[in-house]
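Here are some exercises to work through with the model open in your viewer. Try each task before you read its solution.

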Amino acid sequence: MNEKFAPKIVGFLCNWCSYAGADLAGVSRLQMPPSLRTIRVMCSSRVNPLFIIRVFLIGADGVLVAGCHPGDCHYQKGNYQARRKFAILKNIFENLGLESDRLRLSWISAGEGPGFAKVITEFTEKIKKLGPNPAKEEVFL
Amino acid sequence: MTKVLKTNKSVEEAVKELLKFLLKSGKVKGVFTLRKINGNGAVAYSLITSLDMLKDAVPLFPLMPANAGKLLSNLTLRGSVVDPVVAVVRPCELRAFIELVKRKQGSLENLLLVSSTCAGVYPLEMAVNGDIDKKLSQYWDATKRGEIVPDTRPTCMGCEHFLPYTADITVTLIGKKDIDNQCEIFLNTEKGQQFVDGIDGEFVEGKLESEEVVSMRNKRKDEKKRLFDEIGIEKFGLKGLIETFGKCIGCHGCSKVCPICYCNLCYSDSKTYEHKPSVYEMQLKRRGGLRVPPDTISYQIGRLTHVGISCVGCGLCADVCPANIPISTIFLKVGDSVQKMFDYLPGRDVEEQIPVTTFETDEFVEVED
(Lines give C-alpha, C1' and ligand atoms only; values in the text may rest on other atoms or scores of the structure.)
Protein backbone atom coordinates (compact mmCIF):
# COMPACT_ATOMS: atom_id res chain seq x y z
CA MET A 1 0.00 0.00 0.00
CA ASN A 2 1.14 3.47 -0.85
CA GLU A 3 2.08 5.13 2.44
CA LYS A 4 1.91 8.58 0.91
CA PHE A 5 -1.70 8.14 -0.21
CA ALA A 6 -3.76 10.89 1.39
CA PRO A 7 -7.43 10.22 0.71
CA LYS A 8 -9.73 12.97 -0.41
CA ILE A 9 -13.21 12.65 1.02
CA VAL A 10 -16.11 14.82 -0.09
CA GLY A 11 -18.55 15.38 2.74
CA PHE A 12 -22.09 16.64 2.37
CA LEU A 13 -22.86 17.99 5.83
CA CYS A 14 -26.27 19.16 6.90
CA ASN A 15 -26.42 22.76 8.04
CA TRP A 16 -28.18 22.14 11.34
CA CYS A 17 -26.32 19.20 12.86
CA SER A 18 -23.27 17.78 11.14
CA TYR A 19 -21.86 21.07 9.92
CA ALA A 20 -22.15 22.47 13.44
CA GLY A 21 -20.61 19.22 14.71
CA ALA A 22 -17.65 19.77 12.38
CA ASP A 23 -17.40 23.32 13.65
CA LEU A 24 -17.33 22.13 17.24
CA ALA A 25 -14.64 19.56 16.43
CA GLY A 26 -12.63 22.41 14.96
CA VAL A 27 -12.96 24.88 17.82
CA SER A 28 -12.29 22.04 20.27
CA ARG A 29 -9.01 21.49 18.40
CA LEU A 30 -9.66 17.78 18.01
CA GLN A 31 -7.13 15.87 15.94
CA MET A 32 -8.29 14.24 12.71
CA PRO A 33 -6.83 13.59 9.26
CA PRO A 34 -7.16 16.55 6.89
CA SER A 35 -9.02 14.45 4.31
CA LEU A 36 -12.45 16.06 4.27
CA ARG A 37 -13.65 18.53 1.66
CA THR A 38 -16.86 19.93 3.03
CA ILE A 39 -19.98 20.90 1.13
CA ARG A 40 -22.67 22.40 3.30
CA VAL A 41 -26.25 21.48 2.41
CA MET A 42 -29.41 22.59 4.15
CA CYS A 43 -30.49 19.01 4.80
CA SER A 44 -29.06 15.56 4.11
CA SER A 45 -32.11 14.94 1.93
CA ARG A 46 -30.92 17.73 -0.35
CA VAL A 47 -28.17 15.40 -1.54
CA ASN A 48 -29.33 14.22 -4.93
CA PRO A 49 -27.88 10.75 -5.64
CA LEU A 50 -26.46 12.36 -8.78
CA PHE A 51 -24.17 14.51 -6.60
CA ILE A 52 -22.68 11.39 -5.05
CA ILE A 53 -22.28 9.61 -8.40
CA ARG A 54 -20.71 12.72 -9.83
CA VAL A 55 -18.06 13.22 -7.14
CA PHE A 56 -17.37 9.49 -7.09
CA LEU A 57 -16.69 9.46 -10.84
CA ILE A 58 -14.64 12.66 -10.72
CA GLY A 59 -12.39 10.76 -8.37
CA ALA A 60 -13.25 11.41 -4.73
CA ASP A 61 -11.80 8.54 -2.70
CA GLY A 62 -14.78 8.61 -0.39
CA VAL A 63 -18.15 10.32 -0.15
CA LEU A 64 -19.71 11.11 3.21
CA VAL A 65 -23.30 12.15 3.72
CA ALA A 66 -23.94 13.35 7.26
CA GLY A 67 -27.10 14.65 8.88
CA CYS A 68 -29.04 14.90 12.11
CA HIS A 69 -29.88 11.79 14.09
CA PRO A 70 -33.18 10.13 13.14
CA GLY A 71 -36.00 12.07 14.75
CA ASP A 72 -33.87 15.21 15.14
CA CYS A 73 -34.16 16.54 11.59
CA HIS A 74 -34.68 20.30 11.42
CA TYR A 75 -37.29 19.59 8.75
CA GLN A 76 -38.91 16.70 10.67
CA LYS A 77 -38.28 13.89 8.19
CA GLY A 78 -35.51 14.87 5.76
CA ASN A 79 -32.94 12.46 7.11
CA TYR A 80 -35.33 9.50 6.82
CA GLN A 81 -35.74 10.26 3.14
CA ALA A 82 -32.02 10.75 2.77
CA ARG A 83 -31.51 7.29 4.25
CA ARG A 84 -33.88 5.70 1.72
CA LYS A 85 -32.18 7.43 -1.18
CA PHE A 86 -28.77 6.46 0.16
CA ALA A 87 -29.82 2.82 0.61
CA ILE A 88 -31.08 2.72 -2.98
CA LEU A 89 -27.85 4.21 -4.30
CA LYS A 90 -25.77 1.78 -2.29
CA ASN A 91 -27.83 -1.11 -3.67
CA ILE A 92 -27.26 0.16 -7.23
CA PHE A 93 -23.52 0.46 -6.60
CA GLU A 94 -23.42 -3.12 -5.34
CA ASN A 95 -25.44 -4.32 -8.32
CA LEU A 96 -23.01 -2.72 -10.75
CA GLY A 97 -19.94 -4.03 -8.96
CA LEU A 98 -18.81 -0.58 -7.84
CA GLU A 99 -17.13 -0.06 -4.48
CA SER A 100 -20.04 0.86 -2.24
CA ASP A 101 -17.66 0.94 0.73
CA ARG A 102 -16.51 4.33 -0.48
CA LEU A 103 -19.93 5.74 0.39
CA ARG A 104 -20.83 6.46 3.99
CA LEU A 105 -23.90 7.79 5.75
CA SER A 106 -23.48 9.00 9.33
CA TRP A 107 -25.61 10.84 11.83
CA ILE A 108 -23.66 13.51 13.72
CA SER A 109 -25.39 16.03 15.95
CA ALA A 110 -24.25 19.60 16.61
CA GLY A 111 -22.94 18.61 20.02
CA GLU A 112 -20.88 15.65 18.82
CA GLY A 113 -17.50 17.22 18.11
CA PRO A 114 -15.58 14.10 19.17
CA GLY A 115 -18.10 11.98 17.22
CA PHE A 116 -17.34 13.96 14.10
CA ALA A 117 -13.58 13.54 14.57
CA LYS A 118 -14.13 9.81 15.07
CA VAL A 119 -16.18 9.43 11.87
CA ILE A 120 -13.55 11.26 9.83
CA THR A 121 -10.68 9.27 11.32
CA GLU A 122 -12.43 5.93 10.86
CA PHE A 123 -13.58 6.66 7.33
CA THR A 124 -10.13 7.91 6.30
CA GLU A 125 -8.55 4.74 7.65
CA LYS A 126 -11.04 2.63 5.74
CA ILE A 127 -10.38 4.51 2.51
CA LYS A 128 -6.64 4.18 3.03
CA LYS A 129 -7.11 0.43 3.11
CA LEU A 130 -9.19 0.53 -0.09
CA GLY A 131 -6.59 2.66 -1.85
CA PRO A 132 -7.15 5.46 -4.36
CA ASN A 133 -10.42 5.56 -6.31
CA PRO A 134 -9.75 3.96 -9.71
CA ALA A 135 -12.19 6.43 -11.32
CA LYS A 136 -9.58 9.12 -10.77
CA GLU A 137 -7.51 8.03 -13.71
CA GLU A 138 -10.12 6.62 -16.06
CA VAL A 139 -10.33 8.46 -19.32
CA PHE A 140 -13.47 7.06 -20.87
CA LEU A 141 -16.05 7.78 -18.20
CA MET B 1 -64.08 -16.10 -9.99
CA THR B 2 -64.52 -13.39 -12.56
CA LYS B 3 -67.31 -12.77 -15.02
CA VAL B 4 -66.26 -13.76 -18.52
CA LEU B 5 -67.70 -12.81 -21.87
CA LYS B 6 -67.39 -15.73 -24.27
CA THR B 7 -67.81 -15.38 -28.03
CA ASN B 8 -67.29 -17.71 -30.95
CA LYS B 9 -65.03 -15.45 -32.90
CA SER B 10 -61.29 -15.17 -33.25
CA VAL B 11 -59.63 -13.05 -30.59
CA GLU B 12 -58.67 -10.32 -33.01
CA GLU B 13 -62.22 -10.10 -34.31
CA ALA B 14 -63.82 -10.32 -30.88
CA VAL B 15 -61.75 -7.45 -29.53
CA LYS B 16 -62.53 -5.34 -32.57
CA GLU B 17 -66.19 -6.26 -32.19
CA LEU B 18 -66.03 -5.13 -28.56
CA LEU B 19 -64.46 -1.81 -29.53
CA LYS B 20 -67.04 -1.36 -32.27
CA PHE B 21 -69.88 -2.10 -29.84
CA LEU B 22 -68.55 0.41 -27.32
CA LEU B 23 -68.13 3.14 -29.92
CA LYS B 24 -71.41 2.45 -31.74
CA SER B 25 -73.50 2.36 -28.58
CA GLY B 26 -71.99 5.66 -27.50
CA LYS B 27 -70.66 4.19 -24.28
CA VAL B 28 -67.28 5.50 -25.25
CA LYS B 29 -66.51 8.46 -27.47
CA GLY B 30 -63.04 7.38 -28.48
CA VAL B 31 -60.87 4.30 -28.95
CA PHE B 32 -57.16 4.31 -28.21
CA THR B 33 -55.49 1.39 -29.96
CA LEU B 34 -52.85 0.26 -32.41
CA ARG B 35 -53.85 0.91 -35.98
CA LYS B 36 -52.41 0.17 -39.40
CA ILE B 37 -51.47 3.34 -41.19
CA ASN B 38 -51.53 3.87 -44.98
CA GLY B 39 -51.48 0.15 -45.66
CA ASN B 40 -47.69 0.10 -45.94
CA GLY B 41 -47.24 -1.99 -42.85
CA ALA B 42 -46.73 0.90 -40.45
CA VAL B 43 -48.52 0.47 -37.14
CA ALA B 44 -49.01 3.25 -34.63
CA TYR B 45 -51.12 4.05 -31.60
CA SER B 46 -54.12 6.11 -32.60
CA LEU B 47 -57.08 7.76 -30.99
CA ILE B 48 -60.12 6.94 -33.09
CA THR B 49 -63.61 8.36 -32.97
CA SER B 50 -65.04 7.24 -36.33
CA LEU B 51 -66.34 3.72 -36.85
CA ASP B 52 -64.86 3.69 -40.32
CA MET B 53 -61.31 4.04 -39.04
CA LEU B 54 -61.81 1.19 -36.63
CA LYS B 55 -61.55 -1.21 -39.60
CA ASP B 56 -57.77 -0.74 -39.65
CA ALA B 57 -57.38 -1.23 -35.91
CA VAL B 58 -55.00 -4.04 -34.91
CA PRO B 59 -55.38 -4.01 -31.12
CA LEU B 60 -53.29 -7.14 -30.50
CA PHE B 61 -50.50 -6.53 -33.01
CA PRO B 62 -47.22 -7.66 -31.42
CA LEU B 63 -45.44 -4.34 -31.61
CA MET B 64 -44.92 -1.44 -29.22
CA PRO B 65 -44.10 1.61 -31.35
CA ALA B 66 -44.14 3.73 -28.18
CA ASN B 67 -45.03 2.98 -24.59
CA ALA B 68 -48.77 3.61 -24.44
CA GLY B 69 -48.40 4.50 -20.77
CA LYS B 70 -46.44 7.55 -21.83
CA LEU B 71 -48.93 8.33 -24.59
CA LEU B 72 -51.94 8.09 -22.26
CA SER B 73 -50.08 10.37 -19.88
CA ASN B 74 -49.58 12.87 -22.69
CA LEU B 75 -53.30 12.77 -23.43
CA THR B 76 -54.40 13.23 -19.82
CA LEU B 77 -51.62 15.40 -18.38
CA ARG B 78 -53.61 18.63 -18.51
CA GLY B 79 -56.81 17.01 -17.30
CA SER B 80 -58.76 13.79 -17.65
CA VAL B 81 -60.47 12.95 -20.94
CA VAL B 82 -63.89 14.60 -21.07
CA ASP B 83 -65.81 11.71 -22.61
CA PRO B 84 -65.14 8.04 -21.88
CA VAL B 85 -62.32 6.53 -23.92
CA VAL B 86 -61.41 2.86 -24.20
CA ALA B 87 -57.69 2.11 -24.37
CA VAL B 88 -56.22 -1.23 -25.47
CA VAL B 89 -52.74 -1.50 -23.99
CA ARG B 90 -50.21 -4.09 -22.87
CA PRO B 91 -49.70 -4.97 -19.19
CA CYS B 92 -46.35 -3.18 -18.91
CA GLU B 93 -47.76 -0.11 -20.60
CA LEU B 94 -50.61 -0.14 -18.13
CA ARG B 95 -48.17 -0.43 -15.24
CA ALA B 96 -46.15 2.47 -16.63
CA PHE B 97 -49.32 4.55 -16.86
CA ILE B 98 -50.22 3.75 -13.25
CA GLU B 99 -46.72 4.84 -12.21
CA LEU B 100 -47.20 8.10 -14.10
CA VAL B 101 -50.62 8.66 -12.52
CA LYS B 102 -48.98 8.25 -9.12
CA ARG B 103 -46.60 11.03 -10.16
CA LYS B 104 -49.56 13.21 -11.16
CA GLN B 105 -48.66 12.93 -14.84
CA GLY B 106 -52.00 11.59 -15.99
CA SER B 107 -55.51 10.69 -14.96
CA LEU B 108 -57.39 7.40 -14.93
CA GLU B 109 -60.74 9.13 -14.96
CA ASN B 110 -63.05 8.29 -17.87
CA LEU B 111 -60.64 5.67 -19.18
CA LEU B 112 -61.75 2.09 -19.74
CA LEU B 113 -58.60 0.01 -19.73
CA VAL B 114 -58.47 -3.13 -21.83
CA SER B 115 -55.42 -5.36 -21.73
CA SER B 116 -54.42 -8.94 -22.46
CA THR B 117 -52.26 -11.71 -21.09
CA CYS B 118 -49.26 -10.57 -23.03
CA ALA B 119 -47.06 -12.81 -25.14
CA GLY B 120 -44.54 -10.06 -25.75
CA VAL B 121 -43.72 -7.78 -28.64
CA TYR B 122 -41.16 -7.87 -31.42
CA PRO B 123 -38.32 -5.34 -31.51
CA LEU B 124 -39.05 -2.18 -33.50
CA GLU B 125 -36.35 -3.10 -35.98
CA MET B 126 -38.51 -5.94 -37.29
CA ALA B 127 -41.36 -3.55 -38.03
CA VAL B 128 -39.02 -1.27 -39.93
CA ASN B 129 -37.52 -3.95 -42.16
CA GLY B 130 -40.85 -5.71 -42.68
CA ASP B 131 -39.92 -9.01 -41.00
CA ILE B 132 -42.75 -8.76 -38.56
CA ASP B 133 -45.48 -9.84 -40.99
CA LYS B 134 -43.59 -13.06 -41.74
CA LYS B 135 -43.31 -13.74 -38.03
CA LEU B 136 -46.98 -13.32 -37.17
CA SER B 137 -48.02 -16.96 -37.65
CA GLN B 138 -45.08 -18.10 -35.53
CA TYR B 139 -46.09 -15.58 -32.85
CA TRP B 140 -49.64 -16.82 -32.57
CA ASP B 141 -48.54 -20.47 -32.75
CA ALA B 142 -46.21 -20.10 -29.79
CA THR B 143 -48.80 -18.06 -27.89
CA LYS B 144 -51.44 -20.77 -28.38
CA ARG B 145 -49.06 -23.44 -27.19
CA GLY B 146 -48.25 -21.35 -24.12
CA GLU B 147 -44.58 -21.00 -24.97
CA ILE B 148 -42.23 -18.06 -24.91
CA VAL B 149 -42.27 -16.47 -28.35
CA PRO B 150 -38.77 -16.51 -29.83
CA ASP B 151 -37.21 -13.30 -31.20
CA THR B 152 -39.37 -11.01 -29.07
CA ARG B 153 -37.71 -8.37 -26.91
CA PRO B 154 -35.32 -9.91 -24.36
CA THR B 155 -37.21 -8.30 -21.49
CA CYS B 156 -40.49 -9.65 -22.91
CA MET B 157 -39.11 -13.17 -22.88
CA GLY B 158 -38.13 -12.72 -19.25
CA CYS B 159 -41.28 -10.89 -18.11
CA GLU B 160 -43.27 -12.40 -15.26
CA HIS B 161 -45.84 -9.62 -15.07
CA PHE B 162 -47.70 -10.46 -18.25
CA LEU B 163 -51.02 -10.56 -16.39
CA PRO B 164 -52.45 -7.04 -16.27
CA TYR B 165 -52.95 -5.85 -12.70
CA THR B 166 -55.31 -2.93 -13.03
CA ALA B 167 -57.17 -3.56 -16.30
CA ASP B 168 -60.97 -3.33 -16.35
CA ILE B 169 -61.11 -5.91 -19.11
CA THR B 170 -58.57 -8.63 -19.87
CA VAL B 171 -58.40 -10.71 -23.04
CA THR B 172 -56.77 -14.09 -22.51
CA LEU B 173 -54.26 -15.16 -25.12
CA ILE B 174 -51.53 -17.25 -23.56
CA GLY B 175 -52.07 -20.99 -23.80
CA LYS B 176 -55.53 -20.60 -25.39
CA LYS B 177 -55.46 -23.22 -28.14
CA ASP B 178 -58.66 -22.12 -29.84
CA ILE B 179 -58.14 -18.36 -30.07
CA ASP B 180 -58.87 -18.62 -33.80
CA ASN B 181 -62.52 -19.36 -33.20
CA GLN B 182 -63.17 -18.62 -29.57
CA CYS B 183 -62.47 -15.70 -27.30
CA GLU B 184 -62.68 -15.19 -23.56
CA ILE B 185 -62.88 -11.63 -22.31
CA PHE B 186 -62.56 -11.27 -18.53
CA LEU B 187 -64.50 -8.43 -16.94
CA ASN B 188 -62.37 -7.73 -13.89
CA THR B 189 -64.13 -4.69 -12.55
CA GLU B 190 -67.67 -3.46 -12.17
CA LYS B 191 -66.80 -0.68 -14.55
CA GLY B 192 -65.81 -3.24 -17.15
CA GLN B 193 -69.04 -5.15 -16.67
CA GLN B 194 -71.15 -2.02 -17.01
CA PHE B 195 -69.51 -1.04 -20.24
CA VAL B 196 -70.07 -4.36 -22.01
CA ASP B 197 -73.65 -4.62 -20.79
CA GLY B 198 -75.83 -5.34 -23.81
CA ILE B 199 -73.21 -6.97 -26.03
CA ASP B 200 -73.85 -10.26 -27.89
CA GLY B 201 -72.28 -13.29 -26.32
CA GLU B 202 -72.43 -15.74 -23.51
CA PHE B 203 -71.54 -14.80 -19.94
CA VAL B 204 -69.79 -17.42 -17.81
CA GLU B 205 -67.51 -17.51 -14.78
CA GLY B 206 -63.79 -18.05 -15.08
CA LYS B 207 -60.44 -17.78 -13.42
CA LEU B 208 -57.71 -15.62 -14.92
CA GLU B 209 -54.89 -17.33 -13.04
CA SER B 210 -55.13 -20.53 -15.08
CA GLU B 211 -52.71 -23.44 -15.34
CA GLU B 212 -51.33 -22.03 -18.59
CA VAL B 213 -50.60 -18.73 -16.90
CA VAL B 214 -48.76 -20.41 -14.02
CA SER B 215 -46.72 -22.56 -16.36
CA MET B 216 -45.85 -19.54 -18.51
CA ARG B 217 -44.80 -17.58 -15.44
CA ASN B 218 -42.40 -20.34 -14.49
CA LYS B 219 -40.93 -20.43 -17.98
CA ARG B 220 -40.51 -16.67 -17.97
CA LYS B 221 -38.90 -16.76 -14.53
CA ASP B 222 -36.31 -19.24 -15.77
CA GLU B 223 -35.65 -17.12 -18.82
CA LYS B 224 -35.31 -14.01 -16.66
CA LYS B 225 -32.76 -15.75 -14.48
CA ARG B 226 -30.83 -16.83 -17.55
CA LEU B 227 -30.94 -13.29 -18.93
CA PHE B 228 -29.68 -11.83 -15.65
CA ASP B 229 -26.91 -14.40 -15.32
CA GLU B 230 -25.82 -13.73 -18.87
CA ILE B 231 -25.51 -9.98 -18.45
CA GLY B 232 -23.62 -10.40 -15.15
CA ILE B 233 -23.69 -6.77 -14.12
CA GLU B 234 -22.51 -7.39 -10.57
CA LYS B 235 -19.10 -8.15 -12.05
CA PHE B 236 -19.06 -4.95 -14.10
CA GLY B 237 -17.19 -2.57 -11.85
CA LEU B 238 -15.80 0.55 -13.43
CA LYS B 239 -14.09 -1.38 -16.22
CA GLY B 240 -17.25 -3.22 -17.23
CA LEU B 241 -19.30 -0.04 -17.17
CA ILE B 242 -16.80 1.70 -19.42
CA GLU B 243 -16.84 -1.27 -21.77
CA THR B 244 -20.64 -1.42 -21.90
CA PHE B 245 -21.49 2.25 -21.98
CA GLY B 246 -18.39 3.23 -23.93
CA LYS B 247 -20.48 2.62 -27.06
CA CYS B 248 -23.05 5.20 -25.96
CA ILE B 249 -23.32 8.06 -28.44
CA GLY B 250 -25.09 10.28 -25.92
CA CYS B 251 -28.34 10.66 -27.89
CA HIS B 252 -30.38 10.16 -24.70
CA GLY B 253 -32.95 8.29 -26.78
CA CYS B 254 -33.39 5.81 -23.94
CA SER B 255 -34.69 8.54 -21.67
CA LYS B 256 -36.89 10.03 -24.39
CA VAL B 257 -38.81 6.78 -24.88
CA CYS B 258 -38.79 5.75 -21.22
CA PRO B 259 -42.30 6.05 -19.80
CA ILE B 260 -40.99 6.63 -16.28
CA CYS B 261 -38.51 9.37 -17.31
CA TYR B 262 -41.04 12.15 -17.45
CA CYS B 263 -39.16 15.28 -16.31
CA ASN B 264 -39.47 17.89 -19.02
CA LEU B 265 -36.33 19.60 -17.80
CA CYS B 266 -33.85 16.77 -17.50
CA TYR B 267 -30.71 17.43 -15.53
CA SER B 268 -28.66 15.48 -18.06
CA ASP B 269 -30.05 17.44 -20.99
CA SER B 270 -29.41 20.74 -19.26
CA LYS B 271 -26.30 22.89 -19.55
CA THR B 272 -25.31 22.06 -15.98
CA TYR B 273 -22.35 20.00 -17.11
CA GLU B 274 -21.07 22.38 -19.73
CA HIS B 275 -18.13 23.68 -17.80
CA LYS B 276 -15.68 26.50 -18.16
CA PRO B 277 -12.44 25.50 -19.89
CA SER B 278 -10.63 25.56 -16.54
CA VAL B 279 -12.70 22.61 -15.31
CA TYR B 280 -11.73 20.50 -18.31
CA GLU B 281 -8.11 21.55 -17.89
CA MET B 282 -8.15 20.40 -14.29
CA GLN B 283 -9.60 17.04 -15.30
CA LEU B 284 -7.13 16.63 -18.15
CA LYS B 285 -4.17 17.36 -15.94
CA ARG B 286 -5.03 14.33 -13.86
CA ARG B 287 -6.37 11.94 -16.46
CA GLY B 288 -4.35 12.81 -19.52
CA GLY B 289 -7.45 12.45 -21.65
CA LEU B 290 -11.20 12.89 -21.57
CA ARG B 291 -14.05 11.22 -23.38
CA VAL B 292 -16.11 13.61 -25.48
CA PRO B 293 -19.04 13.81 -24.94
CA PRO B 294 -18.28 13.00 -21.29
CA ASP B 295 -20.58 11.74 -18.54
CA THR B 296 -22.13 8.69 -20.18
CA ILE B 297 -21.69 6.61 -17.03
CA SER B 298 -22.95 9.23 -14.60
CA TYR B 299 -25.92 9.66 -16.93
CA GLN B 300 -26.77 5.96 -16.85
CA ILE B 301 -26.24 5.45 -13.11
CA GLY B 302 -28.12 8.68 -12.48
CA ARG B 303 -31.02 7.43 -14.54
CA LEU B 304 -30.92 4.17 -12.61
CA THR B 305 -31.32 6.03 -9.33
CA HIS B 306 -34.22 8.02 -10.76
CA VAL B 307 -36.27 5.43 -12.63
CA GLY B 308 -35.03 2.11 -11.21
CA ILE B 309 -37.68 2.09 -8.53
CA SER B 310 -40.45 2.25 -11.14
CA CYS B 311 -38.89 0.47 -14.13
CA VAL B 312 -41.54 -1.80 -15.67
CA GLY B 313 -39.07 -3.45 -18.06
CA CYS B 314 -40.95 -2.61 -21.26
CA GLY B 315 -37.68 -2.81 -23.20
CA LEU B 316 -38.10 0.28 -25.36
CA CYS B 317 -34.79 1.79 -24.22
CA ALA B 318 -32.77 -1.12 -25.58
CA ASP B 319 -34.95 -1.18 -28.66
CA VAL B 320 -34.16 2.38 -29.69
CA CYS B 321 -30.49 2.30 -28.72
CA PRO B 322 -28.45 2.93 -31.87
CA ALA B 323 -25.38 1.41 -30.21
CA ASN B 324 -27.20 -1.80 -29.23
CA ILE B 325 -26.45 -1.47 -25.53
CA PRO B 326 -28.65 -3.91 -23.56
CA ILE B 327 -29.95 -1.08 -21.36
CA SER B 328 -33.32 -2.66 -20.68
CA THR B 329 -31.81 -5.80 -19.18
CA ILE B 330 -29.46 -3.77 -16.97
CA PHE B 331 -32.30 -1.53 -15.83
CA LEU B 332 -34.65 -4.43 -15.25
CA LYS B 333 -32.08 -6.26 -13.15
CA VAL B 334 -31.10 -3.26 -11.03
CA GLY B 335 -34.73 -2.14 -10.87
CA ASP B 336 -35.78 -5.58 -9.68
CA SER B 337 -33.24 -5.46 -6.90
CA VAL B 338 -34.20 -1.93 -5.81
CA GLN B 339 -37.91 -2.74 -5.93
CA LYS B 340 -37.35 -5.82 -3.78
CA MET B 341 -35.86 -3.63 -1.03
CA PHE B 342 -39.31 -2.16 -0.52
CA ASP B 343 -41.41 -5.11 -1.67
CA TYR B 344 -42.67 -2.73 -4.32
CA LEU B 345 -43.99 -3.64 -7.73
CA PRO B 346 -44.46 -0.70 -10.07
CA GLY B 347 -47.98 -0.38 -11.39
CA ARG B 348 -49.53 -3.03 -9.15
CA ASP B 349 -51.90 -0.62 -7.46
CA VAL B 350 -52.46 3.08 -7.96
CA GLU B 351 -52.91 3.53 -4.19
CA GLU B 352 -49.46 2.09 -3.41
CA GLN B 353 -47.01 4.89 -2.62
CA ILE B 354 -43.74 5.26 -4.51
CA PRO B 355 -41.05 4.22 -1.98
CA VAL B 356 -38.93 7.36 -2.42
CA THR B 357 -41.84 9.56 -1.38
CA THR B 358 -42.31 7.86 1.95
CA PHE B 359 -40.27 6.18 4.72
CA GLU B 360 -40.32 4.07 7.85
CA THR B 361 -38.59 5.39 10.94
CA ASP B 362 -36.80 2.13 11.69
CA GLU B 363 -35.36 0.78 8.47
CA PHE B 364 -32.01 0.43 6.69
CA VAL B 365 -30.01 0.96 9.88
CA GLU B 366 -27.40 -1.23 8.18
CA VAL B 367 -26.46 1.57 5.75
CA GLU B 368 -25.64 3.95 8.61
CA ASP B 369 -22.16 4.05 10.06
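Before we start, one definition: two strands pair if DSSP finds at least two bridges between them. Strands here (E, at least two residues) and helices (H or I, at least four) are DSSP runs, numbered from the N terminus. This is a predicted model, so to speak with filters on: local features need pLDDT of at least 70, side-chain atom pairs count only at pLDDT 80 or more, and totals for chains, interfaces and linings use all residues. Residues are numbered from 1 along each chain as its sequence is written, chains are lettered from A and ligands numbered from 1 in the order in which they are written, and side-chain values use heavy atoms, with hydrogens and water left out.

**Exercise 1. Work out how β2(B) and β3(B) are connected and paired.**

Step 1: find the turn. β2(B) and β3(B) make a hairpin, with four residues between the two strands. Look at N38(B) in that turn: its phi is positive, about 60°.

Step 2: get the direction. β2 (residues 30–37) and β3 (residues 42–48) of chain B run antiparallel and are joined by seven bridges.

Step 3: check the register. I37(B) sits opposite A42(B) in β3(B), and K36(B) faces V43(B) there.

**Exercise 2. Put the strands of the chain B sheet in order and say which helices lie on the sheet.**

Step 1: read across. The sheet is open, has eight strands and mixed pairing, and goes β3-β2-β4-β5-β6-β7-β1-β8 (chain B).

Step 2: find the edges. Those are β3 and β8 (202–206) of chain B, each pairing on one side only.

Step 3: add the twist. From one strand to the next it averages 30°. (Angles run from 0 to 180 degrees between N-to-C directions; axes are lines fitted to C-alpha atoms, for helices over the stretch in contact.)

Step 4: lay on the helices. Contact means heavy atoms within 4.5 Å. Helix α1 (residues 11–24) of chain B lies across six strands' worth of names, β1 (2–7), β2, β4 (85–88), β5 (111–116), β6 (169–171) and β7 (183–187), at about 45° to β7(B). Helix α2 (residues 68–76) of chain B also packs on the sheet; it touches β2, β3, β4 and β5 of chain B, and its direction makes about 130° with that of β2(B).**Exercise 3. Which strands stand at the edges of the chain A sheet?**

Step 1: order the strands. This open sheet has four, arranged β2-β1-β3-β4 (chain A), with parallel pairing.

Step 2: look for single partners. β2 (36–41) and β4 (103–107) of chain A each have a single partner strand, so one side of each has no neighbour in the sheet. The twist averages 20° from one strand to the next.

Step 3: zoom in on one pair. β3 (residues 62–67) of chain A runs parallel to β4(A), with five bridges joining them. G67(A) has W107(A) as its bridge partner in β4(A).

Step 4: place the helices. Helix α1 (residues 18–27) of chain A lies across β1 (9–14), β2 and β3 of chain A, at about 115° to β1(A). α3(A) lies across β3 and β4 of chain A and runs at about 160° to β4(A).

**Exercise 4. Describe how α2(A) packs against α3(A).**

Step 1: take angle and distance. α2 (residues 49–58) and α3 (residues 78–95) of chain A pack at about 40°, with axes 10 Å apart.

Step 2: classify. Angles under 35 degrees count as roughly parallel, over 145 as roughly antiparallel, 65 to 115 as roughly perpendicular and the rest as oblique. α2(A) and α3(A) are therefore oblique to each other.

Step 3: list the contact. α2(A) brings P49(A), I52(A), I53(A) and F56(A), while α3(A) brings K85(A), F86(A), L89(A) and F93(A). By class that's seven nonpolar, no polar and one charged. (Ala, Val, Leu, Ile, Met, Phe, Trp, Tyr, Cys and Pro count as nonpolar, Asp, Glu, Lys and Arg as charged, and the others, Gly among them, as polar.)

**Exercise 5. Do likewise for α12(B) and α14(B).**

Step 1: the axes of α12 (residues 296–307) and α14 (residues 327–341) of chain B come within 10 Å and cross at roughly 45°. That makes α12(B) oblique to α14(B).

Step 2: Q300(B), R303(B), L304(B) and V307(B) of α12(B) meet I327(B), F331(B) and V334(B) of α14(B). The split is five nonpolar, one polar and one charged.

**Exercise 6. How many residues does each chain put into the contact between chain B and chain A?**

Step 1: chain B gives 47 residues and chain A gives 39.

Step 2: the two chains bury about 4100 Å² between them, 63% of it on carbon and sulfur atoms. (Buried area is the accessible area, with a 1.4 Å probe, that two parts lose on being put together, summed over both.)

Step 3: in chain B, L238(B), R287(B) and D369(B) lose the most area to chain A, together 17% of what that side buries.
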